[in-house]
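Below is a short exchange on how some structural terms apply to one model.

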Amino acid sequence: MTEIFESTGQALLYGVVGLVVMAVGFIALDLVTPGKLYHVVWTDRNRGAAVLLGSQSVAVGLVIMKAIEASESEQGLGYGLVSTLLYGLAGVLVMTIVGIVIGVFTPGQMGAVVLDDQDARPHPAAWVQAGMYLGTGFMVGAAIS
């Protein structure tokens with residue numbers, strides 16, 4: 001029974017680390033898209049912004065999952081939590097940089113184009129950038145493994 005409580009505590013701690021990394025990811029995405037992301041998604045109901053945020057959340061979750069898997073070591077829980085945090089933040093950084101680089105090579109301001117919903121449908125660029133976030137998450141996750 002003690003092992004169950006210990007494992008539950010560890011899961012909660014990793015969950016807190018994951019939440020911190022996801023919050024940093026949200027802030028990073030908010031910085032590279034026009035407007036306040038929470039307002040654009042929840043108040044304006046912008047589908048392109050929702051596609052981006054959803055895909056980034058899945059990608060960050062994948063990186064965190066791989067970081068947790070890679071963190072199991074004999075060096076203890078503290079080492080695992082710190083390595084998960086650092087790997088997760090590295091994943092967010094790489095996703096943000098890739099998003100900025102992609103934006104440089106696309107016509108117009110990428111964030112503005114992605115948030116251009118027409119006929120209640122996200123702009124195709126939203127799906128492209130969503131795929132980029134997911135692909136980057138897979139790449140970073142593979143590098144961690």
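**Helices, packing and core**

The end C-alpha atoms of residues 80-105 lie 38 Å apart, and this span is 96% helix and 0% strand. The model is predicted: local features need pLDDT of at least 70, side-chain atom pairs count only at pLDDT 80 or more, and totals for chains, interfaces and linings use all residues. Residues are numbered from 1 along each chain as its sequence is written, and side-chain values use heavy atoms, leaving out hydrogens and water.

Q: What makes residues 49-68 helix over the span?
A: Helices are DSSP runs of H or I of at least four residues, numbered from the N terminus. Residues 49-68 are 100% helix and 0% strand, with end C-alpha atoms 28 Å apart.

Q: How do you know at what angle α1 and α3 pack?
A: Axes are lines fitted to C-alpha atoms over the stretch in contact, and angles run from 0 to 180 degrees between N-to-C directions. For α1 (residues 2-32) and α3 (residues 47-71) the angle is about 145°, with axes 10 Å apart.

Q: Which residues does Leu37 contact, leaving aside neighbours within four places in sequence?
A: Contact means heavy atoms within 4.5 Å. Leu37 is in contact with Phe26, Leu29, Asp30, Ala49 and Leu53, those neighbours aside.

Q: What makes the largest nonpolar core a core?
A: Its members are buried (under 20% relative accessible area, 1.4 Å probe, protein chains only) Ala, Val, Leu, Ile, Met, Phe, Trp, Tyr and Cys residues joined through side-chain atoms within 4.5 Å. The largest has 26 residues; Leu29, Leu37 and Val60 are among those that touch the most other members. α3 gives the most, with nine residues.

Methods: Helices (H or I, at least four residues) and strands (E, at least two) are DSSP runs, numbered from the N terminus. Buried means under 20% relative accessible area, exposed over 50%, partly exposed in between (1.4 Å probe, protein chains only).
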